[in-house]
Amino acid sequence: VVFTAVTDPVAAMLTEGNITGTSDKLPVEAQLKLIRTMLPEAKKIGILYTTSEVNSESTIAEYKALAGEYGFEIVDSGISVAADIPLATDRLLTQVDCITNLTDNTVVGSLPVILNKANEKGIPVFGSEIEQVKLGCVASEGLEYVELGKQTGRMAAAILKGEKTASEIPYETIEESSLYINSNAMNLLGISLPEELKERATDVK
């Protein structure tokens with residue numbers, strides 16, 4: 001078995017047996033560096049997540065462990081179903097300077113609602129992959145799922161060629177993060193891109 005885009009293969013019990021693949025674990029530290037660079041005065045980062053998603057909980061734990069190194073406090077808000085999101089977003093927006101989004105399926109499904117509410121309050125939302133930035137998040141130091149798929153394909157090819165068995169290949173995370181920005185969303189909120197980020201940024205507006 002070769003899996004792809006599993007955030008925490010250990011928690012999902014996918015690390016034993018003839019199985020391998022790729023994780024879409026978020027580059028949390030890179031995202032914190034990005035937010036600090038773009039919002040030098042920010043103090044509190046909000047995160048919405050589904051309480052039943054183990055992957056979201058493990059990512060939030062990593063955010064909390066690293067946030068202090070960048071002068072941030074993480075304010076998280078758990079929801080059970082998509083219907084909880086509007087009210088949870090309203091509450092969260094009163095407590096934070098920005099929101100960073102995960103790859104939480106329920107939350108991502110309601111991203112347009114979150115973005116509309118955040119834009120009305122003038123609060124930027126950071127994404128975790130390119131499609132979220134296309135939808136209106138200001139930026140993301142995150143994933144490109146096509147590249148992750150190619151990385152998974154290379155692992156599968158090695159197995160099919162008989163070079164290794166799945167059990168001999170440890171699961172892999174994304175090889176490097178990419179910086180995506182949405183200049184339209186940034187302009188709406190009066191955010192400018194720092195000079196040091198311009199060279200590697202891809203504008204998906």
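The following exchange examines how terms applied to this predicted model are justified.

Me: Why is the chain called as compact as a globular protein of its length?
Reply: The radius of gyration is 18 Å, and the globule rule gives 17 Å for 205 residues. The two values are close, so the chain counts as compact in that sense. Its C-alpha atoms fill a box of roughly 55 × 40 × 30 Å along the principal axes, and its secondary structure comes to nine helices and ten strands.

Me: Why are β1 and β2 said to pair?
Reply: Pairing requires at least two bridges between the strands. Strand β1 (residues 2-3) and strand β2 (residues 20-23) are joined over two bridges in the parallel sense, so the requirement is met. In one of the bridges, V2 has T20 as its partner.

Me: What makes β2 and β8 a pair?
Reply: Two bridges link β2 to strand β8 (residues 172-173), again in the parallel sense. T22 stands opposite E172, and S23 has T173 as its bridge partner. At least two bridges are needed, and therefore β2 and β8 pair.

Me: What makes β1 and β8 the edge strands?
Reply: The open sheet has the order β1-β2-β8, with parallel pairing. Both β1 and β8 pair on one side only.

Me: How is helix α7 placed relative to β1, β2 and β8?
Reply: Helix α7 (residues 145-160) lies across β1, β2 and β8 and runs at about 170 degrees to β2. Angles between N-to-C directions run from 0 to 180 degrees, so about 170 degrees places the direction of α7 close to opposite that of β2.

Technical notes. Residues are numbered from 1 along each chain as its sequence is written. This is a predicted model: local features need pLDDT of at least 70, side-chain atom pairs count only at pLDDT 80 or more; totals for chains, interfaces and linings use all residues. Side-chain values use heavy atoms; hydrogens and water are left out. Helices (H or I, at least four residues) and strands (E, at least two) are DSSP runs, numbered from the N terminus. Contact means heavy atoms within 4.5 Å. The radius of gyration is taken over C-alpha atoms; the globule rule is 2.2 Å times the number of residues to the power 0.38.
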